[in-house]
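Reader: Hello! Could you show me how to read cysteines and buried side chains in a structure?

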Amino acid sequence: MYIKYNKNYIERTRNLRNNMTLEERKLWYDFLSKNKFRFNRQKIIENYIVDFYCAKKKLIIELDGNQYYTIEGKEYDEIRTELLNAYNLQVIRFKNIEIQKDFTKVCSKINRVLNSKQ
């Protein structure tokens, strides 16, 4: 299935790439950019921007800050995840604190998911 994207978000994604959070930066530079599977940062999918996307494995990695733990944030994420799942994409989420406190465990989980997917 062809993944649609909203061209109106191109400038925003560029800005997000240039202003990554500390946790996004750590995951990108210390792990994903060197991974054997190619990842994109700040990928547009329809009207959403996902943190990291691996097309070959149909995997999305999201890092969640405090804004994701409000009622509105959870509802937004549920709708967003349903749409992404409709494209047969798997979404895995990590809290920012996990990147800060247990980075090795986060990387191990990502590798397990990548290696388990056909």
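Author: Gladly, and keep in mind that this is a predicted model. Let's start with cysteine 107, which counts as buried because its relative accessibility is 9%, and buried means under 20%.

Reader: How many disulfides are there by the distance rule?

Author: First the general idea: a disulfide is a covalent bond between the sulfur atoms of two cysteines. In this model the count comes to 0 disulfides. Cysteine 54 is in no disulfide, and the nearest cysteine sulfur belongs to cysteine 107, 15 Å away.

Reader: Why does the sulfur of cysteine 107 form no bond with that of cysteine 54?

Author: Because the 15 Å between these sulfurs is too far for a bond; the pair would have to lie within 2.5 Å. Cysteine 54 is also buried, with a relative accessible area of 0%.

Reader: Is tyrosine 9 buried, exposed or partly exposed?

Author: Tyrosine 9 has 22% relative accessibility, so it counts as partly exposed. Its place is in the segment before helix H1 (10–18). Beyond its neighbours within four places in sequence, tyrosine 9 is in contact with Ile44, Glu46, Asn47, Tyr48 and Ile49.

Reader: What about a charged residue: which side chain of opposite charge is nearest to glutamate 24?

Author: That is arginine 25, at 7.2 Å; glutamate 24 is buried yet has no salt bridge. Glutamate 24 lies in helix H2 (residues 22–30). A polar atom of the glutamate 24 side chain is 2.9 Å from the backbone nitrogen of threonine 21. Leaving aside neighbours within four places in sequence, the contacts of glutamate 24 are Gln42, Asp51, Phe52 and Leu63.

Terms used: Residues numbered from 1 in each chain as written. Predicted model: local features only at pLDDT ≥ 70, side-chain atom pairs only at ≥ 80, totals over all residues. Heavy atoms only, no water. Helix = DSSP H or I, 4+ residues; strand = E, 2+ residues; numbered from the N terminus. Buried < 20%, exposed > 50% of the residue type's maximum accessible area, 1.4 Å probe, protein only. Lys, Arg positive; Asp, Glu negative; His and termini not counted. Salt bridge = Lys/Arg side-chain N within 4 Å of Asp/Glu carboxyl O. Polar contact = N/O pair within 3.5 Å; in protein donor to acceptor, adjacent residues only side chain to side chain. Contact = heavy atoms within 4.5 Å.
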